[in-house]
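User: Hello! I am new to this structure and would like to learn how to read it step by step. Could you guide me?

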Amino acid sequence: MTPDADSWARAALCLRLLLSAPGYLAGASIRMRASPDRDRLLSILQPLNMRRIHPSISDEQLFGGLDLSATLNYSQVIENKGILSDPRTMVVGMAERCGGDLAAKLAHQMDRDIGHCLIALDEGAEPDETLPPALAERLPFHIAPEGRMPKDWRVVPAGTLSVTPAAVSASATDAETLVLLAAQFGIDSLRVPLMALRVARVHAATHKRTSLEQTDLEVAACLVFPHRATRLPQAEPENEAPPPSNPETGQEAESDASSRMPEGDMLVEAVRALLPPDLLAGLVPAGTGRRTGGDGAGQKRKGNRRGRPLPSRPGRLDGRSRIDLIATLRAAAPWQPIRREAQPNTPGLLIRPSDIRLKRYVEQSDRLLIFTVDASGSAAVSRLNEAKGAVELLLAQAYAARDHVALISFRGSTADLLLPPTRSLVQTKRRLASLPGGGGTPLATGLQHALALATQTRSKGLTPTLIVLTDGRANIALDGSTNRTQAMEDAEQMAHVFRAHGIQTLVIDMSARPQATLKALAGQFDGQYLPLPRADAQALTGAVSAALQG
Amino acid sequence: MNTPFPFSAIVGQEAMKQAMVLTAVDPGIGGVLVFGDRGTGKSTAVRALAALLPPIRAVESCPVNSAKSAECPEWAELGSKKLVSRPTPVIDLPLGATEDRVVGALDIERALTRGEKAFEPGLLARANRGYLYIDEVNLLEDHIVDLLLDVAQSGENVVEREGLSIRHAARFVLVGSGNPEEGELRPQLLDRFGLSVEVRSPNDVTERVEVIKRRDAFETDHAAFMAHYSAEDAKIRDTILKARKRLPKIATPDAILEDCAALCIALGSDGLRGELTLLRTARALAAYQGRRKLSRDHLRAVAPSALSHRLRRDPLDEAGSGTRVLRTVDEVLG
C-alpha cells in the first residue's frame, strides 16, 4: 500500500472507532484544508448529529443563560440551554484559531467525562499553526490523511456495539505495555496511555471481544501515539530507556518479561513505521523542552474597539465606546415593573444610565523584536561576543515586556532565521550561544530576511521592530557577488523598503570606531543610530532600551 | 462517573498532596497554587480534596454557611436555624463566570415576577468557610481577579450595585491550578496563594504504570475501587482532624523564628508574608506529623512550596525558583 493510501486507511479506522463510541473516545482532530475530501470525511460522521461551534463562540451559547425575550413574555425566568449542557458531538471549525481560554473551557468540559465528543477541524497552513495544546492533549485521534482520497475509500460502520467498551477487560500487562510504549516515544502526559487504552477497548468491542488482544493494543498505539512522539525509541533498548524488561517494573513484570519482549518490540516497530517522515526535523531533545509555536497567541490588549468580544461591563457612553444593546436591555429588564410603578405614564422601556453596558474586546497585538546580527569575520573578531551578551540582556527586558523575539544572523553569503518569533528565552539563549562567526558581510541579504519576517508577522497582528547589529562593512551584494559598492547600495535599497513599510529600526554600530556609512544607513531607515565603540553589554542594553522607549 | 477520584489513590505528586493536606489542617495558610504540565493530575487532586475534608457545622438555611445564627447576614431570609453538618464546600469558579455569578447579584427571578429587590448570593457566598477552586487560574479575566484579590484580603464580600448594598463574610481558601505555558499569573494574585507547587509528569515507569492501572480500575471496577480507597481517605481525614486539635499547642522555639527570617532575607522575598506563611505551614506540618515542637526539618520540608513563588523572577534562570529555594535552604540551615 502506498503511504497516502495507508494514511487514508488509518483515517477510516479512526472514524469507524469514533462512530462506535463517540462519547467514550471524546473526539479527534482533523488536519485538512476545506476540500471535497474533507466534506466527505465529515459526512461520514453525520450520524453523530454534530453541532458546529466556532472559535469566538460566546459563553452564553456554550453554557446557556437567561433567555431574555421568553423571560419577559412569561414573567418567569426561562433559561436557554447551552451547547454543552447535554452530551453531544461538537465540531470546531478553524480550531487552530481557538484561543487558550476557549480551549480551557472545552477541556474542562471534556474532563467531566459525561460523553462530549469534540471534532476539531485544524486548517492550519504552517506547521506552527496547530490546535491549542490543551485540546490536542485530550483528543485521541489525529486524522491527517495525505494526498487525494483513494477512489474505493469508505468507512464500514461497526453498527451498535454488543459489548460496552468499558466492560472490555484489560490485563495489567496491557496497561503496562501502553505506558512503556508511550514512554519510549517520549510522551510525557499520562492522559495519552489512558486514551490509548480506551481506543484499544473500543477496537476490541467492535470485534465483539470481551478482553483485549495484541491487535487491539497495536491499533490503539498506531492511532494514538505517532503524532505525539517527541523522540524515537533507541534501536537497542538499553537500561536507560524504559524497555519492556525494565527491572523496576516489579516481580510481576519480571516473571513474564521474556514473553512480552517481542510483543513490545513489534509494537514499537508498528508505531515507528507510522511516524511522520519529518519527525526528526521537528524533534525536540527529550526532556529539555517542547515545541515552539502553539496557538500563536500574542499578548492580549483589552479595549473597546476591535478584536474578539469579551463580556460587557457597566460604563458610560463617551462617544468612543460601543454599547452592548442586549446586555443593557438585560440589565434594565428586571427593573421594569418597579420603574413602571414610579412612572406609570412613560411609554416604552425605562432605561437608566446605570443600565448601560459597554462592549469590550480583546485584541492581540504585540511587539516583535527582530535581532539581525552580523556574524561576519570582521564583526566576529572583537565584538560578536559582546553583541551576544547584549542581546541576552535585551532578551531579559523583552521578557519583562512580554515581547516576542526573533533572531536572524548573516555571514558568508547567506542569512539564516536562527529563531522564528518566540517568547521562549531559553531557546533564544541556546541558539544565540551556538551562533558561529566568520565570512563576509551580506548585510542586504540579512535585511531582506528580516523584512520578509517583519511583513509576515505584521499580517499576523504583531508589531515588528528591527534591531540591526553590524559593523557596517557590507561586502556581499544581494546577488551574492563580492562587491563592496554594490553591497552597500543594496543595503540602502533595503533600508528604503523598511522605511516605506514604516518599521521602527535601530542600527547598532559594533565596529571599533563609529562608521559614517552606517550612520547614513540608519538615516535611510529613518531609524536610530547607536555607535557603540568599546561598549560593554550592559551599556548596549541601556542604550537600546532608552532608544526603544523614546 | 461523577464521584471524584479518591485522594489517597493519587500516585506520587507528594509535594502537591502535602500542600493540600496542610491547608486543610490550617486554612489560614491561604491556599495552594498548582502549576505544571498537562496530564499530571492537578485537577484530579483538587477535586479529590472535597471528599477528604471534614464536614462543617452550619446554619441550615444560611447562604454563607455561617456557624452561628448570629453570624448570618441580615439580608438572608432564614428558614430553619437548626445547625446541621454539611460537607466543606469546594466551589468551582469556572473561567467564563461573570461578575454577577461570582459576587452575587439582583435576584432576577424575583425582580421580574414579584417586583421585589432581593439578593441572589454568588459563588463567593457559597465558598465561605470552604474552598474556592479556579482551574486554569492564569486565564482568568483581570476584573474577576481584581474582585477575588479584594475579597480574599478582606474576608468580606461587599456588593454595591444595582441598588443593592449588601455585605457578607467570604473567607475561603483559594486553590488554583494552571499550566504556565499558557500564561503567567499576576504577581498580586500569586502572592495571595500561601503555597505553590510545581508538578511534573513522573519519570519513573513503575509509577506511570501504577497511575494508569488505578485510573483504569476507577473507571471499570468502580465500586470495589472506591470501597478500598474511601477507607484510606477516611484515615487521612482523621489525621487532619487530630492535627487541627494539636495545632495550637505546637511549640515554636525562637531559634526557628530566626531561621525563618534568615531564610527569607537570604532569598530576598518581598514583604513579610513569606515568613508568616512559612511558619504557619511548618506548624501545620508538625501537627500533621503528630509532633509537639517545630524543628528545622519541618521548615526544610515546606520552604520550597511556601517561598518559591515569592522570589523576584530571574528570567534567565533556567533552573527555576524551586531549585534556588532548596539551595538557599541548604546554605542557611546547613
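Analyst: We will go through a sheet, some helix packing and one chain overall. This is a predicted model, where local features need pLDDT of at least 70, side-chain atom pairs count only at pLDDT 80 or more, and totals for chains, interfaces and linings use all residues. Residues are numbered from 1 along each chain as its sequence is written, chains are lettered from A and ligands numbered from 1 in the order in which they are written, and side-chain values use heavy atoms, with hydrogens and water left out.

User: In what order do the five strands of the open sheet in chain A lie?

Analyst: Helices (H or I, at least four residues) and strands (E, at least two) are DSSP runs, numbered from the N terminus. Two strands pair if DSSP finds at least two bridges between them. Here the order in chain A is β2-β5-β6-β1-β7, with parallel pairing. Because β2 (51-53) and β7 (141-143) of chain A each have a single partner strand, they stand at the edges, and one side of each has no neighbour in the sheet.

User: How many bridges join β2(A) and β5 of chain A?

Analyst: Three bridges, in the parallel sense, link β2(A) to β5 (residues 89-92) of chain A. Within this pair, A:Arg52 stands opposite A:Val91 in β5(A).

User: How do I read two packed helices?

Analyst: Two packed helices are described by the angle between their axes and the distance between the axes. Axes are lines fitted to C-alpha atoms, for helices over the stretch in contact, and angles run from 0 to 180 degrees between N-to-C directions. In chain B, α8 (residues 205-220) and α9 (residues 222-246) pack at about 120°, with axes 5 Å apart. That makes α8(B) oblique to α9(B) (under 35 degrees is roughly parallel, over 145 roughly antiparallel, 65 to 115 roughly perpendicular, the rest oblique). Among the residues in contact (heavy atoms within 4.5 Å) are B:Phe218 of α8(B) and B:Phe225 of α9(B).

User: At what angle do α8(A) and α8(B) cross?

Analyst: The axes of α8 (residues 172-184) of chain A and α8(B) cross at roughly 125° and come within 9 Å. This makes α8(A) oblique to α8(B). Residues including A:Val179 and A:Leu180 in α8(A) meet residues of α8(B), among them B:Val209 and B:Ile212.

User: And how many helices and strands does chain B have?

Analyst: Chain B has 13 helices and eleven strands. Of its 334 residues, 52% count as buried (under 20% relative accessible area, 1.4 Å probe, protein chains only).

Methods: Buried means under 20% relative accessible area, exposed over 50%, partly exposed in between (1.4 Å probe, protein chains only).
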